[in-house]
Amino acid sequence: LTSSVPASRLYYDLHQIDKIDTKDLTFIQDDTSSRLHTNLTSIRSGLRDYISYNGEELVSIDFVNSQPLISCALLNPNFFMSGDVFTSNHRAKTINTPVSYDISSNCDGIMFNCKDVAPDIYNVIQHDVATTSCIMFPEMDVSTENTSGYSYKELCEKGELYEYLERVALPSFTSSNTLSRQEVKGMVFLMMFTSNQFIGQESAEPKRIFRDIFPNEYELFASIKRKDNSNLPILLQKIESKLMYERIVPRIHTNRPDIPMFTIHDSIVTTVDNKDYVQRVMLEEMKSALGLSAKTKIEFWRSDSEKVNLVKKVA
């Protein structure tokens, strides 16, 4: 309603602004995905540009194509090596391991596993994933190559999945010459998160394209969603939350308690002078906990007139 009725949207925006102004702070971690909801997650993104901290300019640092990137952790067989599902002498470390700041010490290449991140989901999907994985591992660990010369995992780690799909895959079913990043992102989410049964629908062409380009990844994701369509997005959000609130945020707070820090799901907001340190910690913990390289995007919170050429991607 707030997006379709201008008066309602205005009222909602003014209410969110007033809450920040009066220090009526929201701090709720939901029970489903463990995501943290605050005033910053509630306020419309365009209004965040006018928020500062003690008069200092803020920036947000987030992972590029974060949900597909995090999904690459599922391609590592160690992620599902827990209990008796897989017969292996190689067991993934758990999130209960004390925070390590030396990423070279993580010889398994991954610290999280499914049973620790989301035990309820693990109990539901373990049979389907094991059945699928016994056929597809170890190929799944390196991911499927496609006509770009890059695997799904490589495209996600390079931060180029959306661009690849826009350039190669999506033109086959759209008459538009260009697609916005938001439109491509919506199609990627349709590909990944809609039910397995949806693939036969006329509007499911993006899903069929994803299946044809990345068949191994599609089959793994489908096995996770077999009993409940919400399992995959909830699992990815739980991984994101664990990464943020049990790895990245505690490390920054422990080592640099002077740094102002606010989270918006997969991104961290801080002052400009601290952006390089926060970015480095985010990249190191993504590698340590999930075994993934990543690209980050730094966005300066400035009004539109000040923002020209100030959004940049950095390695």
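# Exercises on a predicted model

The count of disulfides is 0, where a disulfide is a pair of cysteine sulfur atoms within 2.5 Å. The structure is a predicted model, in which local features need pLDDT of at least 70, side-chain atom pairs count only at pLDDT 80 or more, and totals for chains, interfaces and linings use all residues. Residues are numbered from 1 along each chain as its sequence is written, and side-chain values use heavy atoms, with hydrogens and water left out.

**Exercise 1.** Explain why Cys 72 and Cys 156 are not bonded.

Step 1. The closest cysteine sulfur to that of Cys 72 belongs to Cys 156, and at 3.9 Å it is too far for a bond.

Step 2. Seen from Cys 156, the closest cysteine sulfur is that of Cys 72, again at 3.9 Å.

Step 3. Cys 72 is buried at 2% relative accessibility, and Cys 156 is buried at 1%. Buried means under 20% relative accessible area, exposed over 50%, and partly exposed in between (1.4 Å probe, protein chains only).

**Exercise 2.** Describe the largest pocket and its lining.

Step 1. On a 1 Å grid over the protein atoms alone, a pocket is an open set of points where a 1.4 Å probe fits, with protein on both sides within 12 Å along at least five of seven lines; lining residues have an atom within 4 Å of a point. Points are joined across faces, edges and corners, and the volume is the space filled by probe spheres set on them.

Step 2. The volume of the largest pocket is about 1100 Å³. Its lining has 33 residues, and those closest to the centre are Asp 62, Gln 182, Lys 185, Asp 266 and Lys 297.

Step 3. Elements supplying at least two lining residues include strand S3 (58–63), helix H10 (181–193) and strand S6 (296–300). H10 gives the most, with 5 residues. Helices (H or I, at least four residues) and strands (E, at least two) are DSSP runs, numbered from the N terminus.

Step 4. By class, the lining has 10 nonpolar, 11 polar and 12 charged residues. Ala, Val, Leu, Ile, Met, Phe, Trp, Tyr, Cys and Pro count as nonpolar, Asp, Glu, Lys and Arg as charged, and the others, Gly among them, as polar.

**Exercise 3.** Place strand S3 among its partners and state how it is covered.

Step 1. In S3, 6 of 6 residues are buried. One side carries Leu 58, Ser 60 and Asp 62, the other Val 59, Ile 61 and Phe 63, and both faces are covered.

Step 2. S3 pairs with strand S5 (residues 267–271) in the antiparallel sense over 5 bridges; two strands pair if DSSP finds at least two bridges between them. Here Ser 60 stands opposite Val 269.

Step 3. S3 also pairs antiparallel with S6 over 5 bridges, and Val 59 stands opposite Phe 300 there.

**Exercise 4.** Work out which parts of the chain the Tyr 152 and Phe 214 pair ties together.

Step 1. There are 9 aromatic pairs. Rings of Phe, Tyr and Trp (its six-membered ring) pair if their centres lie within 6.5 Å; planes under 30 degrees apart count as stacked, over 60 as edge-to-face and the rest as tilted.

Step 2. Tyr 152 and Phe 214 are edge-to-face, 5.2 Å centre to centre with 70° between the planes.

Step 3. Tyr 152 lies in helix H8 (residues 152–157) and Phe 214 in the loop between helix H11 (205–213) and helix H12 (215–225), so the pair ties together parts 62 residues apart in sequence.

Step 4. Ring pairs link Tyr 152, Tyr 164, Phe 210, Phe 214 and Phe 221 into a cluster.
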